[in-house]
Amino acid sequence: MPEPNAITAESASSPAYRRMRRWAIIGFVFGLLMATALGLVIALPSIVASAANSIIRNLLPGGVIECTVSQIGLFQANLAIDARQASTQPDRPGQRIVKLPHCRITYRPVAILRGRIETIEIIGATMTAQYENGVFTLPIMELLPQAPAPEDGDSQSPGSAEASPDGFDLSGLPDIGSISLQNCAVMLRWEKRLYYTPLNLEITQGDNDWETLQAYVSMRLNGQLLMLRELTYDAKTGRLSGQARLSELRLDALPPPMETFVDEHQLRGRIEVNADFKANLRQPALTSLNTTCTIKDFHVRFGKETIASPTINATLNYHENNGAFAFGPIDTTSLERLERLEWAFNLANGFDGNGLLTMTFQNTADSPLTLHITHQRLPDDHKTVFTLAASADAPPSRLRTTWGEAAAGALAATFTHTPEAITAELNATQVAFGSPQAALTQADFALKAEMKGGVLTAQARGTLPQTTVKAAQATLANTTINATVTAAEGKITAEVTAASAAMTSPSPDLKAQKLSLTAKGQGNKENMTAELQMQIGSLNAPDDIAVVNNLNLEMQAQGSMQQFAGDIIASIASIDAERYDIACESIFWRQHIDSEAPGLGTLTIASLFHKDDNLLACTINTSVTPAADRQSADFDLNTAVVFQDFPTARLQLSSKNRVGRNIFLSQNTFHLPETELVDFDALRFLPELKKLTLSGAVSLDGAYALGGGRPPQGSAKVTLHQAGVALPEQKILVENLNLCLELPVLPELRTLPGQPLECQKLQIGNLVVRDLQARARLESTDIMTLERVQAKWASGMVHLGATQINLKQPEPDLIIFCDRIDLAEAFHQLGNDQVSGHGALSGTLPITIKKGNVRFGDGFLSTIPGVAGDIKLSAASALTAGVPVGTPAYNQLKFSGDALRHFLYDWLKISLNNKEDGLQLRLQVSGKPATPLPYSYVKGEFVAIEGKTDFSQIQLDVNLNLPVNNLLGAFSELKHIIRKGP
C-alpha cells in the first residue's frame, strides 16, 4: 500500500491536474474582469457626468451649471445643460440664462477621466440677445470667465507679457478638441423689433491646443448672410488670418436706428463683400487685406442730390505697407458721373508714409476732369501734408454739373496736420461759373482754416469782377467778400463783409451805387446773437421814376432758432421823383421782432414835397407777428395821414401783409371820413386861387389786395357832398355839387355805370347852368362815356345824349339839345346884351372842344312855329359898320337894323359859328316891325322915303359878331389854371 504523500505528489504533477488548475486561474481572472467591467458600466454615467460637469463648469464659471446625461456610450454621450445666474437670495435659484437640451459630446474613456473632451456639439439651441439705446447685451456672456480688475499699484509681470503677448490668455481654457453649434439661433431684440437669426459656429484646437485655434461662423441676420471662414489664430505670435464673406445685404432692410436714415434718404442697394485678411494682434497692425465689393442697384438721396449706379465695383488691396483702393462708377446729380476713384498709398513707421488719390469725373467722353491729391507724412517735421491740384496737362480745369459749368485757371489746396494743429489753404484764380441761376467771371477765391487747441478759425476772401444773379436779373460789379469764422467749445463767431461798386437789373430797370453789407453772429443752437448792416449809396427805381439816396438797414436778433427777438432799423435820407415833382425826406423805420409775440414798430416820413411845397408828414404804426409754423410772418401797418394844406382831413390807412417762403399776401384799406373842405389851403398850389372859397365835404373808402397768386385787385369810392367852389375874379362858381365815383375793379380805372353828378348851380363867366344832373361812366384811363347830361339854362332845358370821349384825344364833338331857351337870356349869356325880347328857342348846338377852346358847329335855335314874339336890337347901327353909304348892301343892313329895333316875329332862327377870333351869330326872322318905318320896297330892295310904311310880313337875315372875350373869357381863365396845375 503506497504512502499518501507519494500519491499527492504524483497527482499534482499529472497533466489533468495542471489543466484544472489553469482553468481555475483563468476563471478567477475572467470573473474579476467581469466584475470590474460591470462596475465600470454601472459607474460610467456618474463618471462621465462628473467629468463633463467639471469641464463645462471650468469653461463657463460665471453661473450655476447643471449637466444631466441622458444617453451614454463608450465614446459619446447625450446630455442637457441648464445654466442659471448665481443666486442672489437664499433658497431661490438664479434666473435662467440658457437651456441646452440637446448636446452631444465625444470622448475617449481614459481621456475624459483626465479632463479632456474631444468635441462638444450643441444642436438646435436658442439664445437671446438685445440691442437697445446703443448697448448690446448677450446673456450667455455672463457665463464666460471675467478678467479680474487689477489692484491699485499692481502691474503686469514681465512673464505675463510673454505668456500672453497679444493680451488674450488662453492657457486657462479646458482641454476641448472642438466646440460647434449646429442649427442654432439667436433671438435678437433690436430696439422694438425681433429678429430670428440662424447661427452655425465651430471652434477647433490647432496643433498646439488653444494656442493655435481655428474657427468658422455663419449667421443670417434679417435674411443677410455673414460668414467668417478659415479663421486661424496663433496666440504665441499674435497672428490672425481668415476669410470673410458678406452677401445678400440689402441696404433698405437695415435694422434700427439705420431704418430712419434709409427711409429719409431713400437708400437702396444689394451688397456682396469678400475679403482675405491677415493681422498681427500683438502690434496691433493689419499686414494684408484683399477685398472685393459689389453694390448693385445703388441709390441714395441727400436733399436734391442723388447718387446712383447700376453696379459699383470697389477693391481694396493692402500688403506690407503698400495699398490701393479703387471705386466706381457712380452717377451724381451735381457732378454727373464719377468714373473712377483710385487711391494708391504707402505706410511706414506706424501710418507714416505717402500716397496719391486720383478722382476722374467723366463729364464728357473727350474732356474728363482728373483731380490728384498727394499725401506725404514727414516724421522729422511731425506733420502730414495733403496737396490737391488739377491735372497739370489740361489747364484750365473745367467741370460740368447740373448747377452749371465751372472753370478755373489755377486750383491748389494744401492740408497740413501736425500734433499741434491742422491747417488748410485753398486758392482758385480766374474762376468762371455759369448756370441758369447765376454766373461769375474772372473771380479769385482764397481760404485759410486752422484747427488748434480745439479752436477752429477760418478766413475766406473772394474778388468777383462781375457777378450775375439771373434769377433776380441783377449784375454786380467789382464785388469783394471777406469772411471770418471761429468755433470753440460749441460756440461759433462769424463775420462777413461784402461790397460792390454798382448793381444793375435791366428787367425791372434798377440801378444802385456803392453797396456794402456787414453781418456778424455768435453763439450756438441754444443762444445766438446776430447783426446785419447794409448800405446803398443810391438806388434808381424803374424808368428813373425815383432815386433813393443813402439807404441804411440794420438788423439785430438774439435767441435760438425756436425763440428769438430783435430789432430792424432802416433809414433813407431822401427819395426824389423829379418826373412827378415829388420828394420825401428823412424816412425812418424801427421795428421790433419777437417769435413769441407781435413786434411793434413805427415808420416816420418827416416831409413829403410836391413842387417844393411840403404836403404832409405821417407816422405809421407797424406790427410783425410770426406764424406758428415759423414759415411766414404777418406784417401790419396802420396810420392816419395828415396833410399840411388840409389839416382836418385824416386819411386812415391799414395794411395787413403775410410774407414768407413763396408767400406774399397784402390786404390794404383806406378810409377818409366825411370831412369839411373849409380848411383846404389852395394858395400853396396856385397864387391865382388867392380868393378861392370852398365848402362842402369829401369822403373816401377803398381796399386793395396784392399777392396770393392772383393779380392785384381792389375797389374805391369817392364822394363829394354839397361841395361849393367860388372864384369871383374868374367868374367861376359851383354850388351844391354832389358827386359819387365808384371804382369796383382796381387797378383798372373803370367805374360802375351811371355814376351820379348833381350841381345846383354852375357858372363860368356869364354862362350859368342850374340843376345840372349827369350820369357818366369811366371805361378806362382813356375812354369816358357820358350816359346822360341835362340842366336848366336860360329859363329852358338843355341836355346831352350818350357820348363817348377819348381822353387821349380830347377833341369831342358834342351836340347840345336845347328846349324853350329864353331869347333875351340866351343872348345875354352868349355875350350880347343889346338883344332883348320875348320868345322860347329850341334846337341843337353842335360843339367841338379842341385844344381847350370851344367851337360851335352848324346848329341852330328856333322858335316854335305859330308862337309869336318880339325882339329888340338896341345897337342896330353896328350892322352897317364898315359898309359904304349908299350901296345896296348898306341900304339893306340899314333897313334891317331899323326894323330890329322892335320887331314882331312869328318865326325866328339863330345859328352860331366861329369866325376867326370871334363868334358869328346869324339871325333869321320873319314878321313885321312893331311901328311903321320910313322905307319902301322898290325893285327888290328897301329904299328910304320921307313918309312911313307899315310892313305886314317881311323876312330878315343878319349876322352879328359876338366878341370871344365876352363869351369865352372865363373858359380861358379856367384853361390857364388847369394847364398850370398844382
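Helix H7 buries Tyr890, Phe895, Ser896, Gly897, Asp898 and Ala899, and this predicted model can be read outward from that helix. H7 covers residues 888-899, has twelve residues, and reaches 16 Å from its first C-alpha to its last, close to the 16 Å expected at 1.5 Å a residue. Two of its buried residues, Phe895 and Asp898, come up again below, Phe895 as a member of the largest nonpolar core and Asp898 as part of a network of salt bridges.

**The nonpolar cores**

The largest nonpolar core holds 74 residues, and the members that touch the most other members are Ile871, Phe895, Leu900, Phe903 and Leu908. Strand E53, which runs over residues 903-915, gives this core its largest share, namely five residues. A second core, separate from the largest one, has 47 residues, including Ile105, Ile117, Leu240 and Leu289.

The surroundings of Ile871 show how parts of the sequence are brought together around one core residue. When neighbours within four places in sequence are left aside, Ile871 is in contact with Leu823, Val835, Ser836, Gly837, Leu900, Arg901, His902, Phe903, Tyr905, Leu908 and Leu923. Among these partners are Leu900, Phe903 and Leu908, which are also listed with Ile871 as residues that touch the most other members of the largest core.

Strand E53 also contains Ser911, which counts as buried because its relative accessibility is 11%, under the 20% cut-off for that class. Not counting residues up to four places away in sequence, Ser911 touches Gly859, Phe860, Gln920, Leu921 and Arg922.

**Salt bridges**

Side chains of opposite charge can pair when their charged atoms come close. How many salt bridges does a search of the whole structure find? The search finds 13, and three of the pairs are set out in the table, each with the distance between the closest N and O atoms.

| Pair | Closest N and O atoms |
|---|---|
| Arg84 and Asp82 | 3.9 Å |
| Glu118 and Arg108 | 3.2 Å |
| Arg750 and Glu748 | 2.4 Å |

In the pair of Arg84 and Asp82, Arg84 is partly exposed, with a relative accessible area of 23%, whereas Asp82 counts as buried at 14% relative accessibility. Glu118 and Arg108 form a salt bridge whose closest N and O atoms are 3.2 Å apart. This pair links distant parts of the chain, ten residues apart, since Glu118 lies in strand E4 (residues 116-123) and Arg108 lies in the loop between strand E3 (96-106) and helix H3 (109-113). Glu118 is partly exposed, with a relative accessible area of 21%, and Arg108 is partly exposed as well, with a value of 44%. For the bridge between Arg750 and Glu748, the relative accessible area of Arg750 is 27%, so that Arg750 is partly exposed, and Glu748, at 40% relative accessibility, also counts as partly exposed.

Beyond these pairs, Lys894, Asp898 and Arg901 are linked in a network of salt bridges. Asp898 is one of the buried residues of H7, and Arg901 is one of the contact partners of Ile871.

**A surface patch and two strand residues**

On the surface, Ile25, Phe28, Val29, Leu32 and Leu33 form a nonpolar patch, which together has about 520 Å² of accessible area. Phe28 belongs to helix H2, residues 15-59, and Phe28 counts as exposed because its relative accessibility is 60%, over the 50% cut-off.

Thr212 lies in strand E9, residues 209-221, and is buried, with a relative accessible area of 18%. Its contacts, leaving aside neighbours within four places in sequence, are with Thr204, Gln205, Gly206, Asp207, Tyr233 and Asp234. Arg337 lies in strand E17, residues 336-348, and counts as partly exposed at 29% relative accessibility. Arg337 and Ala308 are 29 residues apart in sequence, while their C-alpha atoms are 9.6 Å apart in space.

**The protein as a whole**

The protein has eight helices and 57 strands, and buried residues make up 33% of its 982 residues. Of the contacts between residues at least 6 apart in sequence, 46% join residues at least 24 apart. The protein exposes about 56,600 Å², and carbon and sulfur atoms supply 57% of that area.

Technical notes:
Residues numbered from 1 in each chain as written. Predicted model: local features only at pLDDT ≥ 70, side-chain atom pairs only at ≥ 80, totals over all residues. Heavy atoms only, no water. Patch = residues over 30% accessible without salt bridge, like charges linked within 9 Å, V, L, I, M, F, W, Y side chains within 5 Å. Areas by Shrake-Rupley, 256 points an atom, 1.4 Å probe, with all protein chains shown as cover. Salt bridge = Lys/Arg side-chain N within 4 Å of Asp/Glu carboxyl O. Helix = DSSP H or I, 4+ residues; strand = E, 2+ residues; numbered from the N terminus. Buried < 20%, exposed > 50% of the residue type's maximum accessible area, 1.4 Å probe, protein only. Core = buried A, V, L, I, M, F, W, Y, C linked by side-chain atoms within 4.5 Å. Contact = heavy atoms within 4.5 Å. Expected span 1.5 Å × (residues − 1).
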